[in-house]
Each structure stands twice: as C-alpha cells, then as structure tokens.
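Student: I would like to go through this model one question at a time. Please give the reasoning first and the answer last.

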Amino acid sequence: MKLVRTRQELTEIVTQWHKNGETIGLVPTMGSLHEGHLTLVRALDGKATRRIVTIFVNPIQFNNPDDFQLYPRGLEADEALLAETGLVDVLYAPDETQIYPPGFCTRITVSGLDKVLCGGDRPGHFDGVATIVTKLFMQTRADIAAFGEKDFQQLCIIRKMVTDLDLPVTILPVPTVREADNLARSSRNRRLTPAQRQQAAHLPQALISCLEALKAGQAVTPTLELCVRTLKEAGFTVHYLDLRSEKTLTPAEKADAGTRLFVAASLGDIRLIDNMPVA
Ligand code: AMP
C-alpha cells in the first residue's frame with residue numbers, strides 16, 4: 001500500500017491504471033478508521049482491480065468549528081490498519097491545498113434532500129459532502145465507490161447527485177456495522193467517556209423497540225413520541241426521530257417496507273446518528 005499526499009502523484013498513478021485497463025474502487029473517509037470503514041474496503045474486493053482509501057477531514061462539511069477541531073485524527077494508526085487488510089493499493093491523504101487551493105469557490109447542492117433530517121440542524125453540511133465527494137471522484141477517477149448505510153441520507157444524496165450529473169461511477173451501499181450492543185460504529189464513539197459509551201447503547205435499543213412497536217401495528221406518531229421520551233430519559237438531546245421513505249426521505253405515515261427510522265441525538269457535545277429499516 002502506497003501513501004500518497006499530492007494530487008499530482010495520485011493523477012500519475014490512476015492514469016497509468018486506467019491505461020492498463022484496471023478498474024478503480026474508492027472508499028472516501030475522514031479517518032479514525034474502524035471496522036465499519038474496513039467493511040467498505042472488503043465490499044470492493046472482487047468489484048475493482050485497484051482500491052483507494054482516502055482520508056480527509058473535510059472542513060467545508062462542518063458547520064461547527066469546534067466539531068471540526070475535535071474530530072478524532074490519527075494517520076499512522078489508520079495507515080497500519082489499512083495495510084493489514086492487504087486490500088488497499090493507495091491511501092490518499094491530501095492536505096487542504098490539494099483539495100481546496102486558494103480561490104476555490106464551487107459548491108454542489110442536491111436540492112431538497114439536503115434540507116431534511118441532518119440538513120435541518122447542520123446547514124450547508126451536505127453541500128460540503130457533495131462537493132468533497134465529487135472532488136474525490138474526479139481526483140481518483142473511481143469506477144465504483146462504497147458508502148455506508150450508517151450515513152443513509154448521505155448515501156441518498158450521493159446517489160441522486162451521481163444520477164443527476166451523469167457521473168461515471170457506480171455507488172455500492174454497505175449495511176451498518178455495529179458493536180456487540182448494537183451501537184453503530186463511528187469515529188465519534190472514541191470521544192465518548194466510559195459512562196457515555198454505556199448510555200449510547202440506548203440509542204439502537206430505542207430504535208429496535210420502536211420498530212417492534214411499529215411492526216406490531218402501533219400508530220406512528222405516539223410510538224415515535226414514546227421513543228423520544230425514552231431517549232431523553234436516558235440522557236440524550238434528541239435532534240430528530242423520524243419515519244421516512246428510503247427513496248425520497250419524505251415522512252411516512254405508515255411503517256411499510258421501504259420506510260426507515262432515522263435518529264440524531266447528542267450526549268454532551270457528541271452527536272450520534274443511526275437508522276434502521278422497517279422491513
Ligand atoms: P466517515 O469517515 O465517518 O466520513 O465515514 C466514511 C464512510 O464509512 C462513509 O461511507 C460512512 O457511511 C461509512 N461508515 C462509517 N461508519 C460505518 C459503519 N458503522 N458501518 C458502515 N459504514 C460506515
């Protein structure tokens with residue numbers, strides 16, 4: 001596995017790969033890697049002849065400067081973890097000048113989908129995500145890219161952007177990887193204190209109970225309200241808990257196949273998200 005720090009070096013490598021008829025698989029990340037990220041890498045095995053993992057903590061998707069500063073970072077450990085898989089050809093870890101040179105002023109907006117759920121309390125976040133993902137598609141010239149369902153809204157937005165802009169890349173969705181107590185793996189979990197880590201398990205548990213009630217035919221609104229109360233009692237600040245269509249992200253009145261529960265809730269200043277399908 002080669003560590004690449006500049007866009008120029010990356011361009012030389014991917015140009016040669018394409019000349020040789022190779023296909024390129026991409027896993028874009030913000031580092032602080034865990035089993036969720038490694039599962040994305042493994043999902044590309046057999047789907048591309050070359051694999052690139054990118055690590056870039058993207059400043060323009062953080063609407064809160066403290067959140068950007070506090071985001072966990074650790075390139076050496078990440079590099080070791082990726083090398084161990086034996087599946088990664090290039091780790092591309094550019095600094096900001098390689099992505100946003102002076103004067104950079106373009107943003108990509110996927111209108112509508114970017115306003116609901118996390119778009120509501122993180123204005124501009126998904127413009128930042130759509131912009132960096134497009135930059136990384138272009139710089140890596142990826143043929144296929146893996147994204148986690150853990151960030152389901154992000155996955156929807158990227159799929160829509162790829163369709164709308166005719167981007168020549170296939171999107172591979174990967175189911176959420178969880179801890180033994182069902183907490184979705186996340187780089188942000190590293191910031192939880194041991195007590196908060198125990199509390200955090202209430203988040204997936206509340207979603208599971210809520211799904212069971214919905215599947216048993218309970219009405220949507222009171223079931224969601226009860227779940228919000230449970231989470232508040234467990235110490236969370238709840239940003240949203242919604243039942244929505246997986247395709248359009250519009251609110252669903254009934255818990256049918258093709259609908260999904262979405263939650264964002266904070267413990268202290270650590271914001272956690274999760275989602276689970278009804279079917
Ligand atoms: P991040 O580094 O958090 O920006 O995530 C990079 C990619 O890994 C995104 O496509 C995420 O959806 C995916 N990812 C993060 N956590 C998980 C997880 N627990 N399960 C599956 N995919 C994940």
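Student: Is Gln 61 buried, partly exposed or exposed?
Tutor: This is a predicted model, so each value here is computed from it. Gln 61 sits in the loop between S3 and helix H3 (65–70). Buried means under 20% relative accessible area. The value for Gln 61 is 8%, so the residue counts as buried.

Student: Which residues does Gln 61 touch, apart from those up to four places away in sequence?
Tutor: Contact means heavy atoms within 4.5 Å. With residues up to four places away in sequence not counted, the residues that Gln 61 touches are Met 30, Arg 122, His 125, Gly 128, Val 129 and Ile 132.

Student: At which residues does UniProt place the feature "binding site"?
Tutor: The annotation comes from an unreviewed UniProt entry, and it may be inferred rather than shown by experiment. The record places "binding site" at Gln 61 and Gln 154.

Student: Why can they be said to gather at one spot?
Tutor: They span 94 residues in sequence. The lining of the largest cavity takes in both Gln 61 and Gln 154. They gather at one spot because no two of their C-alpha atoms are more than 11.6 Å apart.

Student: In which helix does Gln 154 lie?
Tutor: Leaving aside neighbours within four places in sequence, Gln 154 is in contact with Phe 126, Val 129 and Phe 147. Gln 154 itself belongs to residues 152–164, which form helix H8.

Student: Which residue does UniProt list for "active site", and is that residue buried or exposed?
Tutor: The unreviewed UniProt entry lists His 37 for "active site". This residue is found in helix H2 (residues 35–43). Its relative accessibility is 14%, so His 37 counts as buried.

Student: Which residues does His 37 contact beyond its neighbours within four places in sequence?
Tutor: His 37 is one of the buried residues of H2, and the others are Gly 36, Leu 38, Leu 40 and Val 41. With neighbours within four places in sequence left aside, the contacts of His 37 are Val 27, Thr 29, Gly 31, Ser 32 and Ser 187.

Student: What covers the buried residues of H2?
Tutor: The buried residues of H2 include Leu 38 and Leu 40. Their cover includes helix H4 (75–85) and the strands S2 (24–29), S3 (50–55), S5 (144–148) and S6 (170–174).

Student: In S3, what is the bridge partner of Thr 29?
Tutor: S2 and S3 run parallel and are joined by 6 bridges. S3 is mostly covered, with 5 of its 6 residues buried. The bridge partner of Thr 29 in S3 is Ile 55.

Student: Which strands stand at the edges of the open sheet with the order S7-S8-S9?
Tutor: The open sheet has 3 strands with antiparallel pairing. Two of the strands have a single partner strand each, so one side of each is left without a neighbour in the sheet; these are S7 (237–245) and S9 (270–277).

Student: How many bridges join S7 to S8?
Tutor: S7 and strand S8 (residues 259–267) run antiparallel. Asp 242 stands opposite Phe 262 in S8, and Thr 237 stands opposite Ser 266. The number of bridges that join S7 to S8 is 8.

Student: How many residues of S8 are buried?
Tutor: In a regular strand the side chains alternate between the two faces of the sheet. Thr 259, Leu 261, Val 263, Ala 265 and Leu 267 point one way from S8, while Arg 260, Phe 262, Ala 264 and Ser 266 point the other way, and all are buried. S8 is therefore largely enclosed by the rest of the structure, and its buried count is 9 of the 9 residues.

Student: Which residue takes a positive phi in the hairpin of S8 and S9?
Tutor: S8 and S9 pair in the antiparallel sense over 8 bridges, and Leu 261 has Met 276 of S9 as its bridge partner. The hairpin has 2 residues between the strands, and the one with a positive phi near 60° is Gly 268.

Student: At what angle to S7 does helix H11 run?
Tutor: Helix H11 covers residues 220–233 and lies across S7 and S8. The angle at which H11 runs to S7 is about 150°.

Student: How many disulfides are there?
Tutor: A disulfide is a pair of cysteine sulfur atoms within 2.5 Å. By this rule the count of disulfides is 0.

Notes: Residues numbered from 1 in each chain as written. Predicted model: local features only at pLDDT ≥ 70, side-chain atom pairs only at ≥ 80, totals over all residues. Heavy atoms only, no water. Pairing = 2+ DSSP bridges. Helix = DSSP H or I, 4+ residues; strand = E, 2+ residues; numbered from the N terminus. Axes fitted to C-alpha atoms, helices over the stretch in contact; angles between N-to-C directions. Buried < 20%, exposed > 50% of the residue type's maximum accessible area, 1.4 Å probe, protein only. 1 Å grid on protein atoms, 1.4 Å probe; cavity = no way out; pocket = protein on both sides within 12 Å on 5 of 7 lines; lining within 4 Å.
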